[in-house]
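Thanks for making time this morning. I would like to walk through one structure with you, beginning with how far each part can be trusted and ending with the charged pairs.

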Amino acid sequence: MTAAPELGPARRQLVVDGLGIVATALGFGFVYGLSARTAGFSPVEASAMSVLVFAGAAQFAAVGYVAGGFSWLGIVLLTAFLNARHLLYSAALAPYFATRPKPERAVMAHLLTDEAFALSITHFRRLGRTDRWGYWFAAIATTFIPWNLATLAGVLAGGAVPDPTRFGLDVVFPAAMAGLAVALATGRRELVAAIVGAVVGVGVSLAWDPAAGIMAGGLGGPLVAMALPGPPMREHYPADPLPLGVHPDAPERLIDETDARTSSS
Amino acid sequence: MTDLVPLALLMALATYPSRAIPLLVTRFGRLPAPALAYLRLVGPAVLAALAAVNTVVSVTTTPEGQRIPSFHVGVEWLAVVACIAIVAWRKNLLLGILFAVALVAGVRLAGFA
């Protein structure tokens with residue numbers, strides 16, 4: 001039996017992985033702030049978007065649409081469409097947090113982004129169990145704080161700042177997502193899910209829209225992978241967390257009715 | 001000025017259900033085995049889709065607000081593939097990202113892209 005990694009080394013790996021995400025959040029948060037300023041947003045308005053919406057693609061789209069004088073209804077509908085992919089992230093993370101109190105899950109949901117999902121799901125899978133600290137770190141330290149600080153800096157700063165794409169920062173996000181997908185592709189089915197997800201994602205994006213493409217890839221990849229011949233997969237979602245100091249080879253605890261009763265009592 | 005704060009609030013309200021519903025519906029934590037196995041595969045599929053779409057698809061918005069996707073060919077392809085190779089080989093995401101950024105920045109500074 002292969003021993004699961006210790007919590008400390010796994011968290012250190014998460015922190016190192018998160019550095020690239022911090023760089024991209026800082027770079028593009030800053031550009032968002034600059035764009036918002038150019039479109040006539042006040043610092044309060046730009047920051048309200050980053051705190052309340054906290055979704056980069058939708059925020060950039062909103063800046064363009066506000067500047068173009070589009071209706072609020074159209075902007076809100078587009079936002080819902082662009083962010084629909086979060087359903088997949090939330091569903092994939094739900095079993096890991098099933099025993100946590102609802103108010104905590106409600107706050108977790110607001111902080112759920114592409115980056116938080118990618119870092120935390122990779123961390124949980126590497127660790128072999130849930131680690132709430134890992135989720136909060138991924139969501140807050142690597143994304144929420146840098147994104148909001150950079151938004152404020154961008155909207156307060158002048159326009160004489162070089163374009164971050166000149167320094168290659170635009171490749172950080174796809175490179176990070178690809179690298180984290182590699183870390184998750186630990187078996188034949190995961191690899192097939194990733195390849196089919198990418199192909200379907202690009203195809204649907206070109207035929208319709210990238211937001212729909214990402215959803216289609218995320219839904220279609222697993223379907224094809226599940227259809228592969230071979231023994232069925234068994235998924236365990238060990239409940240969160242083992243106390244520090246507990247040996248990782250200790251028997252995993254499964255989320256079941258016992259856990260549910262324990263958590264609700 | 002705070003005129004756009006209500007818009008931010010409406011956008012947040014439009015986003016929150018997709019983030020929250022599965023997390024808040026307790027049943028999602030106790031799905032049957034095939035559903036849990038499916039959700040396990042969502043991670044690699046959606047991350048690969050995000051990476052691929054952000055690498056090879058670019059979107060332009062017309063003055064009327066229409067989003068038009070198109071196929072993009074550039075050094076970003078090479079950079080992302082290099083990052084994948086480094087992560088698979090060295091198990092080091094940061095190294096992969098740094099190499100990808102250096103490659104793209106170098107090619108752009110040299111005027112090739």
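Among the elements of chain A, helix H12 (residues 257-264) has the lowest mean pLDDT, 35, whereas helix H2 (residues 43-53) has the highest, 97; pLDDT being the predictor's confidence in each residue, from 0 to 100, and helices (H or I, at least four residues) and strands (E, at least two) being DSSP runs numbered from the N terminus. Over residues 239-265 of chain A the pLDDT is below 50, and this stretch has 40 contacts in the model beyond near neighbours in sequence, where contact means heavy atoms within 4.5 Å.

This is a predicted model, in which local features need pLDDT of at least 70 and side-chain atom pairs count only at pLDDT 80 or more, while totals for chains, interfaces and linings use all residues. Residues are numbered from 1 along each chain as its sequence is written, chains are lettered from A and ligands numbered from 1 in the order in which they are written, and side-chain values use heavy atoms, with hydrogens and water left out.

For chain A as a whole, the mean pLDDT is 84, and 84% of its residues reach 70 or more. Chain B has a mean of 90, with 97% of its residues at 70 or more, and within chain B the confidence is lowest in S1(B), at a mean of 89, and highest in H1(B), at 96. The model scores ipTM 0.89 and pTM 0.79.

Let me turn to the interface. How many residues does the contact take from each chain? It takes 103 residues from chain A and 74 residues from chain B. Between them the two chains bury about 7,600 Å², 75% of it on carbon and sulfur atoms, buried area being the accessible area (1.4 Å probe) that two parts lose on being put together, summed over both. On the chain B side, B:Arg19, B:Leu23 and B:Arg40 lose the most area to chain A, together 11% of what that side buries.

As for polar pairing across the interface, the count between chain B and chain A is 3 salt bridges, a salt bridge being a side-chain nitrogen of Lys or Arg within 4 Å of a carboxyl oxygen of Asp or Glu. B:Arg108 and A:Asp170 meet through their side chains in a salt bridge, at 2.7 Å from N to O.

Now to the salt bridges within chain A, bearing in mind that a search of the whole structure finds 10 over all chains. A:Arg11 pairs with A:Asp131, the closest N and O atoms being 2.7 Å apart, and this pair links distant parts of the chain, since A:Arg11 lies in helix H1 (residues 7-38) and A:Asp131 in the loop between helix H7 (114-127) and helix H8 (132-156), 120 residues apart. Is A:Asp131 buried or exposed? A:Asp131 counts as buried because its relative accessibility is 2%, the terms being buried under 20% relative accessible area, exposed over 50%, and partly exposed in between (1.4 Å probe, protein chains only).

A second long-range pair joins A:Glu190 in helix H10 (residues 188-207) to A:Arg125 in helix H7, 65 residues apart; their salt bridge spans 3.8 Å, N to O, and both residues are buried. Finally, salt bridges that share partners join A:Arg100, A:Glu104 and A:Arg132 into one network.
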